[in-house]
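Trainee: I am new to this structure and would love a guided tour. Could we look at it together?
Mentor: Of course, here it is.

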Amino acid sequence: RPLSEIIGVSNNGAQKKTISVFPNPNSGVFTFKGSFVEKEVEIYNVLGIKVFHAQSASDRVSIDLSREAKGVYFYKIISDKNYISNGKILMTDWVCF
């Protein structure tokens with residue numbers, strides 16, 4: 001099975017919305033900002049294991065993954081209107097701007 005199916009990042013016919021993730025890459029604290037308010041944020045490691053889950057009633061969510069291993073993570077955002085956004089974030093010790 002494809003990794004996107006295992007961790008559920010395919011949109012399954014739902015409309016996609018743009019979400020900003022910043023700073024990306026960084027050393028662990030990411031902010032997600034979107035045009036919708038009610039949302040769930042899920043973060044998965046490359047093995048498809050959910051390492052973070054939160055619900056928010058704000059257009060901005062900050063998460064701290066600094067206790068997780070450095071590397072690539074996948075995010076999935078589900079809004080109150082069932083819009084889905086997904087993508088990758090990179091946690092690293094070095095950051096170039």
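Trainee: How many bridges join strand E6 to E7?
Mentor: Keep in mind that this is a predicted model. Strand E6 covers residues 71–79, and strand E7 covers 84–91. The two run antiparallel, and one bridge pairs Val72 with Leu90 in E7. The number of bridges joining E6 to E7 is 8.

Trainee: What is the order of the strands in the open sheet that has 4 strands?
Mentor: The pairing in this sheet is antiparallel. Strand E4 (50–56) and strand E7 each pair on one side only, and these are the edge strands. Neighbouring strands are turned by 20° against each other on average, direction ignored. From one edge to the other, the order is E4-E3-E6-E7.

Trainee: And which are the edge strands of the open sheet that has 3 strands?
Mentor: This sheet is also open and antiparallel, with the order E1-E2-E5. Its twist averages 20° from one strand to the next. An edge strand here pairs on one side only, and that picks out E1 and E5.

Trainee: In E5, which residue is the bridge partner of Phe30?
Mentor: E2 and E5 pair in the antiparallel sense over 5 bridges. One bridge partner in E5 is Arg60, which goes with Lys33. For Phe30, the partner in E5 is Ile63.

Trainee: Along E5, which side chains point to one face and are buried?
Mentor: The side chains alternate along this strand. Arg60, Ser62 and Asp64 point to one face and are not buried. Pointing to the other face, and buried, are Val61 and Ile63.

Trainee: Which strand supplies the largest share of the largest nonpolar core?
Mentor: In soluble globular proteins, nonpolar side chains tend to be buried together. Here the largest nonpolar core has 15 residues, and those with the most contacts inside it are Phe30, Phe32, Ile43, Tyr75 and Ile89. Strands E1 (19–22), E2 (29–34), E3 (39–44), E5 (60–64), E6 and E7 each supply at least two residues of this core. The largest share, 3 residues, comes from E6.

Trainee: Which residues does Ile89 touch, not counting residues up to four places away in sequence?
Mentor: Ile89 is among the residues with the most contacts inside the core. Its list of touching residues includes Asn24, Leu65 and Gly71. Also on the list are Val21, Phe30, Ile43, Val72, Tyr73 and Tyr75.

Trainee: Why is the pair of Phe32 and Tyr75 edge-to-face?
Mentor: The count of aromatic pairs comes to 1. The ring centres of Phe32 and Tyr75 are 5.1 Å apart. Planes over 60 degrees apart count as edge-to-face. The planes of Phe32 and Tyr75 are at 75°, so the pair is edge-to-face.

Trainee: How many residues apart in sequence are the parts that this pair ties together?
Mentor: Phe32 counts as buried at 0% relative accessibility, and Tyr75 counts as buried at 7%. Phe32 lies in strand E2 and Tyr75 in strand E6, so the pair ties together parts whose separation in sequence is 43 residues.

Trainee: Stepping back, what pattern does the protein chain follow along the sequence?
Mentor: The secondary structure comes to 1 helix and 7 strands. Of the 97 residues in the protein chain, 37% are buried. Read along the sequence, the pattern is α-β-β-β-β-β-β-β.

Definitions and conventions
Residues numbered from 1 in each chain as written. Predicted model: local features only at pLDDT ≥ 70, side-chain atom pairs only at ≥ 80, totals over all residues. Heavy atoms only, no water. Pairing = 2+ DSSP bridges. Axes fitted to C-alpha atoms, helices over the stretch in contact; angles between N-to-C directions. Core = buried A, V, L, I, M, F, W, Y, C linked by side-chain atoms within 4.5 Å. Buried < 20%, exposed > 50% of the residue type's maximum accessible area, 1.4 Å probe, protein only. Contact = heavy atoms within 4.5 Å. Phe/Tyr/Trp six-rings, centres within 6.5 Å; stacked < 30°, edge-to-face > 60°.
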